[in-house]
Amino acid sequence: MDFDLLVHNIGQLILPAYTGKSLKGEEMKQLTVKESAAFAVSDGKVTWIGSDAEAKSFNAKVKLDAEEKVVSPGLVDPHTHLVFGGTREHELALKQEGVPYLEILARGGGILSTVEATKNATLQELFDKASFHLERMVSHGTTTIEAKSGYGLERETELKQLRVVKQLNEKYPVSIVSTFLGPHAIPPSYNGKENEFLQDMMGLLEEIKEKNLADFADIFCETGVFSIEQSRLFLQRAKENGFGLKIHADEIDPLGGAELASSLGAASADHLVAASDEGIRMLSESETVAVLLPGTTFYLGKEHYARARKMIDDGAAVALATDFNPGSCVTENLQLIMSLAALKLKMTSEEIWNAVTINAAHAIGKGELAGTLDVGRQADFVVWDVQNYKYIPYHYGVNHAKSVYVSGQIIWERMPFGKF
Ligand SMILES: O=C(O)CC1=NCN=C1
Ligand SMILES: [Zn+2]
């Protein structure tokens, strides 16, 4: 039988478990790592997985020798603010002076300065900039991504951002899930009229769904932004309009976002640095995935990280994401987040790999399509320049990806070192 592609001589093939829903608690400790493996691809899908010995007799149009390295499913980044204008390096000095994130926002900086730059950028400019960052994510092994709006805070610019995501999906072979985060901050023109602003954002839900511009709706539930009651109102209306639900929850203050997300059946609750014991208990009893963003905690110079160990030990499902954005976590490198998860969240290598693949896929409603490799699934995979799967969380801050494939087609590979 002639396959399109045969990937052979794989040192370790990482195969997270697909059970139909996210892996919770003890399930996250399980990770199938197939030694001396091989797999075959035809018409973009995996058609066979087995031992390298069996594969010796196979024919294929293309044979890829993995040189006894690690091969994994393409990584899934379930929380990014990919589309935005401008940059915020000028705020670094404020952060170094100890000005808190919410204070910078209250002064009209932070998100609001990115809103200004995003309004002023054309759709093409936003597309070109997002393409640059998306290609960098892919070069670090990410093949499925979530991307939010939230830097418009008004109809025209929110739709402009969501149209950029739609065009990125059309141009690139990677899969991008789109999230409407209209209630991301309160524009100065609505100071004192927060509920009126929220009504305006809820008024966009029907149009966005009709135009198929977003799969999820999200809100920044935080002190000085949106309260629990405002978040409940928005998320319930979003659910009525057919959106999956996400929430920026308990990032800085424990407002009860985890409890709200679990009670509404949200796909995910994200950040959760200040999540309460009750919130963690409710998460563990729900299908809501806890999406943790240790890169943001690191970048904001915070001492306390999300209580991942308690979440997993109490039976919750945990995923990891970059939270790539211009203000609170400026990195596209999900591998760095894997290292922070090991060092600061005390997650095991097996839990980390599940958290950047199958659980991340479930957090964005893509569990059936991404996050693992199996016969019949799309062949999105990464060849890593490492000998074993524990090495990536261990060796941080660099890019271990050697080549990245989507539907069995190579879309990025590291250029070999020059010949001297
Ligand atoms: O600061 C930003 O641009 C992104 C962000 N929203 C909520 N937390 C971080
Ligand atoms: Zn975010």
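**Salt bridges, sheets and a zinc site in a predicted model**

The structure holds 25 salt bridges. The model is a predicted one, and the following paragraphs lead from these charged pairs to a helix, to the strands and finally to a bound zinc ion.

Side chains of opposite charge can pair when their charged atoms come close. One such pair is formed by Lys 402 and Glu 67, whose side chains meet in a salt bridge with a distance of 3.7 Å from N to O. Lys 402 belongs to strand 15 (residues 401-406), while Glu 67 is found in the loop between strand 4 (59-65) and strand 5 (70-73); the pair therefore ties together parts that are 335 residues apart in sequence. Both ends of this link have some access to the surroundings. Lys 402 is partly exposed, its relative accessible area being 26%, and Glu 67 is likewise classed as partly exposed, at 42% relative accessibility.

A second pair has another setting. Glu 146 forms a salt bridge with Lys 148, and the closest N and O atoms are 2.7 Å apart. Are these two residues buried or exposed? Glu 146 counts as buried because its relative accessibility is 0%, and Lys 148 is buried as well, with a relative accessible area of 0%. The cut-off behind this reasoning is that buried means under 20% relative accessible area.

Salt bridges may also be joined to one another. Here Glu 26, Lys 29, Arg 309, Asp 313 and Glu 351 are linked in a network of salt bridges.

A further pair leads to helix 11. Glu 278 forms a salt bridge with Arg 281, with the closest N and O atoms 2.6 Å apart. The two residues are three places apart in helix 11 (residues 277-284), so about one helical turn separates Glu 278 from Arg 281. An α-helix has 3.6 residues a turn, so residues three or four places apart point the same way. Glu 278 is partly exposed, at 35% relative accessibility, and Arg 281 is also partly exposed, at 35%.

Helix 11 has buried residues too, namely Gly 279, Ile 280, Leu 283 and Ser 284. Because they cover an arc of only 135° around the axis, they lie on the same side of helix 11. The elements that cover these buried residues include helix 10 (257-264), strand 11 (268-271), strand 12 (289-292) and helix 13 (308-313).

Strand 11 and strand 12 lead on to a sheet. Eight strands form an open sheet in the order 6-7-8-9-10-11-12-13, with parallel pairing. Strand 6 and strand 13 stand at its edges with a single partner strand each, so one side of each has no neighbour in the sheet. At one of these edges, strand 6 pairs with strand 7 (residues 142-148) in the parallel sense over three bridges. There, Asp 77 stands opposite Ile 145 of strand 7.

Strand 1 (residues 2-15) has pairings of its own. It is largely enclosed by the rest of the structure, because 11 of its 14 residues are buried. Strands of a sheet pair through backbone hydrogen bonds, either parallel or antiparallel. Strand 1 takes part in both kinds of pairing. With strand 2 (residues 32-42) it runs antiparallel, joined by eight bridges, and the bridge partner of Leu 6 in strand 2 is Ala 40. With strand 4, strand 1 pairs in the parallel sense over six bridges; Val 7 has Leu 64 of strand 4 as its bridge partner. With strand 5, the pairing of strand 1 is parallel over two bridges, and Gln 12 stands opposite Val 70 in strand 5.

The last stop is the zinc ion (ligand 2). Which protein residues act as its donors? They are His 79 (NE2), His 81 (NE2), His 248 (NE2) and Asp 323 (OD), at 2.0 to 2.6 Å from the ion. In sequence these donor residues follow the spacing H-x1-H-x166-H-x74-D. His 79 lies in the loop between strand 6 (75-77) and helix 2 (92-96), and Asp 323 in the loop between strand 13 (318-320) and helix 14 (334-343), so that this pair links distant parts of the chain, 244 residues apart. His 79 is buried, because its relative accessibility is 0%, and Asp 323 is buried at 1%. The arrangement around the zinc ion is irregular because the four donor atoms subtend angles of 81 to 169°.

Definitions and conventions
Residues numbered from 1 in each chain as written. Chains lettered and ligands numbered in written order. Predicted model: local features only at pLDDT ≥ 70, side-chain atom pairs only at ≥ 80, totals over all residues. Heavy atoms only, no water. Donors = N, O, S within 2.8 Å, 3.2 Å for Na, K, Ca; no water. Tetrahedral: all angles 85-135°; square planar, octahedral: opposite > 155°, others 65-115°. Helix = DSSP H or I, 4+ residues; strand = E, 2+ residues; numbered from the N terminus. Buried < 20%, exposed > 50% of the residue type's maximum accessible area, 1.4 Å probe, protein only. Salt bridge = Lys/Arg side-chain N within 4 Å of Asp/Glu carboxyl O. Arc of directions from axis to C-beta. Contact = heavy atoms within 4.5 Å. Pairing = 2+ DSSP bridges.
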